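This briefing reviews selected side-chain environments and aromatic pairings. The sequence and structure are shown first, and the points that follow are grouped by topic.

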Amino acid sequence: MANVIKLRKGLNINLQGKAEEKRMQLKSNGQYALVPDDFEGVTPKVVVKEGDQVKTGDALFVNKQYPEVKFASPVSGTVREVVRGERRKVMCVKVEADAQQTYVDFGKKDVAKMDGKAVVDALLEAGIFGYINQLPYAVSTNPSQMPKAVFVSALRDKPLAGSFEFEVKGQEGDFQTGLTALSKIAKTYLGCGVHSSFENYRDVEVTVFDGPCPAGNIGVQVNHLDPVNKGEVVWTVEPTVVLFIGRLFNSGKVNLTRTIALCGSEVKSPAYVDMLVGEELATLLSNSYDADHRVRIINGNVLTGKVTTKEGFLGAHTSEITVIPEGDDADEFAGWIMPRFKQFSVNRSYFSWLCGKKKYALDARVKGGERHMIMSGEYDKVLPMDIYGEYLIKAIITGDIDRQEALGIYEVSPEDFALAEFVDSSKLELQRIVREGLNILRKENA
């Protein structure tokens with residue numbers, strides 16, 4: 001019987017456009033790109049040149065600080081371009097896929113007979129180790145320090161989030177292999193939701209989190225199960241990455257296929273589709289929404305995703321592509337003063353709170369400007385962690401490192417403050433503030 005942790009704090013935001021549990025067929029245009037910015041904390045060093053032929057699993061770039069951490073090509077084909085930005089920053093490495101895919105054969109392995117070092121070495125060789133993140137700092141991890149624990153959250157509860165239960169159907173064997181491999185490295189915790197099917201997996205400690213969003217956040221689960229202290233490291237693994245690991249050991253090949261939820265109130269037919277990491281979004285988004293509407297395309301979910309375009313590429317950790325109204329063409333008489341039923345409000349400013357679990361079509365407007373920070377307890381209502389969110393944000397803004405450490409900055413990641421940013425009446429960019437604070441702290445402790 002799995003442990004159950006009940007959480008009261010949080011907020012569920014019901015939005016229109018959730019993906020139906022059916023799969024669309026997608027024909028790729030053959031254009032792919034691996035984006036280093038998808039791997040937080042990695043300084044890339046490109047190891048291919050334009051015109052090179054690569055196989056699926058060959059390294060496109062490595063982490064400059066830890067060259068043994070490679071990042072594998074999702075497809076075989078020709079390196080078409082290494083795109084650089086200001087100061088020659090590597091923006092992406094583009095690959096044009098071959099019609100017939102070829103793979104680097106890393107050999108099938110029996111994870112039951114492997115130890116932790118052998119598992120880590122195999123992941124490094126195959127170029128998928130960099131998909132594992134760590135706390136503190138919420139960055140792509142490195143093999144210099146082994147973790148005290150590994151955390152996997154199979155609970156996706158952000159607005160319009162794709163269902164991992166649906167994604168894993170037919171791939172249960174790969175998921176179990178991935179979990180077993182991680183358990184060889186350190187004690188592994190698997191978090192899931194109520195009435196899920198994940199309680200039957202072996203070699204991990206399963207915990208059920210019963211509560212509103214953000215119960216599925218890795219940071220929340222770490223905070224309740226095994227908090228991170230200064231000098232300690234835990235690894236956090238997105239559930240699809242567990243599938244990547246399982247496929248590697250079961251087939252001997254790198255397979256970076258993700259099941260993506262195409263969702264949002266502007267999408268004509270929200271559904272799921274299988275895509276490779278780095279695949280161009282043009283084929284997915286073509287004719288999927290009304291081109292006459294002003295929309296915002298988000299690589300990820302509405303709370304933590306990155307704004308992108310049709311010419312963008314699927315992110316390394318992306319589980320949803322979301323399309324919502326931009327809202328910059330909205331013309332509302334009297335603004336927020338008018339009573340209304342179609343707008344969502346946390347503070348019951350509108351009568352819509354009387355409508356129960358009504359679904360809303362929210363747009364991308366902030367609806368207000370940045371103002372002085374008000375100590376109102378807003379963050380605490382949606383932050384189910386044993387930290388003082390408002391005081392931590394103030395410590396980051398003022399650069400008080402000692403106070404940040406005392407207030408638990410090692411346990412948090414930017415996504416933990418996504419809901420607090422949504423409800424914040426001061427309109428502060430809390431996720432950006434937390435990321436900047438973590439980056440400064442990481443440099444100080446390097």
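Tyrosine 137 is buried, because its relative accessible area of 12% falls under the 20% limit. The model is a predicted one. The points below begin with the aromatic pairs and then turn to a buried glutamine and a nonpolar surface patch.

**Aromatic pairs**

- The structure holds 17 aromatic pairs.
- One of them joins tyrosine 137 and tyrosine 410 in an edge-to-face arrangement, with 6.2 Å centre to centre and 75 degrees between the planes.
- Tyrosine 137 is located in the loop between S10 and strand S11 (139–140), and tyrosine 410 in the loop between helix H9 (401–406) and helix H10 (418–423), so this pair ties together parts that are 273 residues apart in sequence.
- Tyrosine 410 counts as buried because its relative accessibility is 5%.
- Phenylalanine 164 and phenylalanine 175 form a tilted aromatic pair, at 5.2 Å centre to centre and with 55 degrees between the planes.
- Phenylalanine 164 belongs to helix H2 (residues 164–167) and phenylalanine 175 to helix H3 (residues 172–183), so the pair ties together parts that are 11 residues apart in sequence.
- Both rings belong to buried residues: phenylalanine 164 has a relative accessible area of 2%, and phenylalanine 175 has a relative accessibility of 0%.
- Ring pairs also link Phe39, Phe61, Phe71, Tyr131 and Phe244 into a cluster.

**Surroundings of glutamine 134**

- Glutamine 134 lies in strand S10, which spans residues 133–135.
- With a relative accessible area of 9%, glutamine 134 is buried.
- Its side chain reaches the backbone oxygen of proline 136 at 3.1 Å.
- The side chains of glutamine 134 and threonine 141 are joined by a polar contact of 3.0 Å.
- When neighbours within four places in sequence are left aside, the residues in contact with glutamine 134 are Val139, Thr141, Asn142, Val233, Val234, Trp235 and Thr236.

**Nonpolar surface patch**

- Met375, Tyr388 and Tyr391 make a nonpolar surface patch of about 340 Å².
- Methionine 375 is situated in the loop between strand S20 (320–325) and helix H7 (378–382).
- Methionine 375 counts as partly exposed, because its relative accessibility is 37% and the limits of that class are 20% and 50%.

How values were computed
Residues are numbered from 1 along each chain as its sequence is written. This is a predicted model: local features need pLDDT of at least 70, side-chain atom pairs count only at pLDDT 80 or more; totals for chains, interfaces and linings use all residues. Side-chain values use heavy atoms; hydrogens and water are left out. Helices (H or I, at least four residues) and strands (E, at least two) are DSSP runs, numbered from the N terminus. Buried means under 20% relative accessible area, exposed over 50%, partly exposed in between (1.4 Å probe, protein chains only). A polar contact is a pair of N or O atoms within 3.5 Å; within protein, one must be able to donate a hydrogen and the other to accept it, and residues adjacent in sequence count only if both atoms are side-chain atoms. Contact means heavy atoms within 4.5 Å. Patches are made of residues with over 30% relative accessible area and no salt bridge: like charges are joined within 9 Å, nonpolar side chains (Val, Leu, Ile, Met, Phe, Trp, Tyr) within 5 Å. Accessible areas come from the Shrake-Rupley method with a 1.4 Å probe; for residues, only the protein chains shown count as cover. A salt bridge is a side-chain nitrogen of Lys or Arg within 4 Å of a carboxyl oxygen of Asp or Glu. Rings of Phe, Tyr and Trp (its six-membered ring) pair if their centres lie within 6.5 Å; planes under 30 degrees apart count as stacked, over 60 as edge-to-face and the rest as tilted.
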